[in-house]
Amino acid sequence: MKPKEFRVHAHRIVDWMADYLEKIETFPVKSTVSPGDIFIQIPDKPPENGEPMDDIMQDLDRIIMPGMTHWQSPGFFAYFNANSSYPSLLAEMITSCMGAQCMIWETSPAAAELEERMMNWLAGMIGLPQTFHGVIQDTASTATLASLLTAREKFTGYAINEKGFGNQPDFRIYCSTETHSSVEKAVKIGGFGRCNLVKVPVDKEFRLIPENLDRTITHDKKQGKVPLSVVATIGTTGTTSIDPLKEIAAICQHHKLWLHVDAAMAGTALLLPEYRWMIEGIEAVDSFVFNPHKWMFTNFDCSAYFVRDPETLIKTFEILPEYLKTRTRGMVNDYRDWGIPLGRRFRALKLWFVIREFGVKGLQDKIRLHLALAAKLKEMILKDQQVELMAPVPLNTVCFRIKPEGAEDDESINRYNEQLLQVLNSSGKLYMTHTKLNGKYTLRMVIGQTNITEQHVIRAWETIKEYATKLTI
Ligand SMILES: *Cc1c(COP(=O)(O)O)cnc(C)c1O
């Protein structure tokens, strides 16, 4: 492709993007294709000779688009959001354009220094104490793994990095039964063994019970196990429940345990001073992660990982082969030593664009709107005889199930709601996912998409009610 042709196609593709986002509500939110539908349309061999861009773009529309689920649609209520926004998208285009590898300061000083500044901005914006230092990771899963590895190395004087586990004792990691699966994954990869992950029960509001945590730790110690770390969650994936951080932090201090906080989705709500109560006790936390790529209008991937003591993080991950030695080492942040991958995209740029274009107030206004819409939906549910609210709504996620007439036992209600979700999602009008709460099949509606308005929530609710009326048990 020649520069002149690039210019033409780039302009065309920007128009394609603007059109896509403007007409996004005309697509079925969840793709309706069947397994293999896309695969069979792609030739089994690559072309020998280059093909015209026009053909490639036609195939994008014809083959690929029907197989896409539209995460940026305001009809998207599934999982947690993976929000984009115009300023973020523009920054991503520039990041791709420069294609810089930002592994160390020298390979793009601006990337390293903007990242440091953006992490300081974010820490201030969400009310973290000044003592925290941040680094961008790809995902919360990676951040949590980095946290547990750092705890492991700090506790053993960096011995496992050097010599392997040898005859180290059984280290124990604690979280609640509602904790995200990424913690279990990190425990497996970290070499602790899944059997050493202890899932502490939760209360009626799906929050970890501190007394049970304390009792379990004490019991483990008596059994010769070595308690190492607790992972507390602010905003669990099922119901956005909020673990009591202050009590958990006190237990960790008493037993000298490493405390990691997973606030992947809910961290964004800390932009609002009225939600800072969620991190009371933060001074005693060792590491904290939240994903601007979920609720803060910043394209995936962008996970903000904060630590109280960067030295232990760096000592856990640093590696210094000859070809990476530089004269600036020690004077600057070489972020390859702050996590697992060597290579790093220039991700701070999109944060800079987003925070500046929205302004802190602009971000806060959107988050407040989403929280207000979730509260409104909750009120509508509470007034509706046919619908049962399944969990408190501390944030932007509403858990409910429909109780159809004539349904008595949980099993048939479960089956009914499962079927309802299926027909709703295949309607293309909206996309929701489910969870199980105390064995009950529960529909989850997450209100956090960048462009969602009250109309979208009301329309979605009418659709749900309409399909529920049509579906009989
Ligand atoms: C989404 C989520 C994760 C995983 O996030 P990734 O960035 O995709 O790894 C972890 N914990 C919680 C509470 C989440 O909501």
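**Exercise 1. The nonpolar core around L122**

Which residues does L122 touch, not counting residues up to four places away in sequence? Place the result in the context of the nonpolar cores of this predicted model.

*Solution.*
Step 1. Once residues up to four places away in sequence are set aside, L122 touches F290, P292, M296, A304, F306, L351 and I355.
Step 2. L122 belongs to the largest nonpolar core, which has 65 residues; together with F288 and F306, L122 touches the most other members.
Step 3. Helix α12 (residues 348-382) provides the largest share of this core, 9 residues.
Step 4. A separate, second core contains 32 residues, including A112, L149, L228 and Y305.

**Exercise 2. Overall dimensions of the chain**

Determine how the radius of gyration of the chain relates to that of a compact globule with 473 residues, and describe the fold in general terms.

*Solution.*
Step 1. A compact globule of 473 residues would have a radius of gyration near 23 Å.
Step 2. The chain has 24 Å, which agrees with that expectation.
Step 3. The C-alpha trace spans about 70 × 60 × 45 Å along its principal axes.
Step 4. The chain contains 14 helices and 11 strands, and 52% of its 473 residues count as buried.
Step 5. Among contacts with a separation of 6 or more, 73% are made by residues 24 or more positions apart.
Step 6. The exposed area of the chain is about 22800 Å², of which carbon and sulfur atoms supply 53%.

**Exercise 3. Cysteines and disulfides**

How many disulfides does a search of the whole structure find? Justify the result for C97 and examine C175 as well.

*Solution.*
Step 1. A disulfide is a covalent bond between the sulfur atoms of two cysteines.
Step 2. The criterion requires the two sulfur atoms to lie within 2.5 Å.
Step 3. The search of the whole structure finds 0 disulfides.
Step 4. For C97, the closest cysteine sulfur is that of C102, at 13 Å, and this is too far for a bond.
Step 5. C175 is likewise in no disulfide; its nearest cysteine sulfur, that of C252, is 12 Å away.
Step 6. As to accessibility, C97 is exposed, with a relative accessible area of 65%, whereas C175 is buried at 1%.

**Exercise 4. Aromatic pairs**

Classify the ring pair formed by Y335 and W338.

*Solution.*
Step 1. A pair of aromatic rings is described by the distance of the centres and the angle of the planes.
Step 2. The structure holds 12 aromatic pairs.
Step 3. In the pair of Y335 and W338, the ring centres are 5.2 Å apart and the planes stand at 65°.
Step 4. Plane angles over 60 degrees count as edge-to-face, so the pair of Y335 and W338 is edge-to-face.
Step 5. Both Y335 and W338 are buried.
Step 6. Elsewhere, ring pairs link W71, F76, Y79 and Y431 into a cluster.

**Exercise 5. Backbone exceptions**

Where do Y79, Y158 and D301 lie, and what is notable about the backbone at each position?

*Solution.*
Step 1. Most residues other than glycine have a negative phi, and most peptide bonds are trans.
Step 2. Y79 lies in the loop between α2 (53-64) and α3 (86-98); its phi is positive, near 40°.
Step 3. Y79 is partly exposed, with a relative accessible area of 42%.
Step 4. Y158 lies in the loop between α5 (140-155) and α6 (159-163), and its phi is also positive, about 65°.
Step 5. Y158 counts as buried because its relative accessibility, 17%, falls under the 20% cut-off.
Step 6. D301 lies in the loop between α10 (292-295) and β7 (303-307); a cis peptide bond joins F300 and D301, with omega about 5°.

**Exercise 6. Two residues in strands**

Is R172 buried or exposed? Describe the surroundings of R172 and then those of K436.

*Solution.*
Step 1. R172 lies in strand β2 (residues 171-176).
Step 2. With a relative accessible area of 12%, R172 is buried.
Step 3. Beyond its neighbours within four places in sequence, R172 is in contact with C195, N196, V198, D220, K225, V226, P227, L228 and S229.
Step 4. K436 is located in strand β10 (residues 433-437).
Step 5. With neighbours within four places in sequence again left aside, K436 is in contact with N414 and Y441.
Step 6. K436 and A91 are separated by 345 residues in sequence and by 38 Å in space, C-alpha to C-alpha.

How values were computed. Residues are numbered from 1 along each chain as its sequence is written. This is a predicted model: local features need pLDDT of at least 70, side-chain atom pairs count only at pLDDT 80 or more; totals for chains, interfaces and linings use all residues. Side-chain values use heavy atoms; hydrogens and water are left out. Helices (H or I, at least four residues) and strands (E, at least two) are DSSP runs, numbered from the N terminus. Buried means under 20% relative accessible area, exposed over 50%, partly exposed in between (1.4 Å probe, protein chains only). Contact means heavy atoms within 4.5 Å. A nonpolar core is a set of buried Ala, Val, Leu, Ile, Met, Phe, Trp, Tyr and Cys residues joined through side-chain atoms within 4.5 Å. The radius of gyration is taken over C-alpha atoms; the globule rule is 2.2 Å times the number of residues to the power 0.38. Accessible areas come from the Shrake-Rupley method with a 1.4 Å probe; for residues, only the protein chains shown count as cover. Rings of Phe, Tyr and Trp (its six-membered ring) pair if their centres lie within 6.5 Å; planes under 30 degrees apart count as stacked, over 60 as edge-to-face and the rest as tilted.
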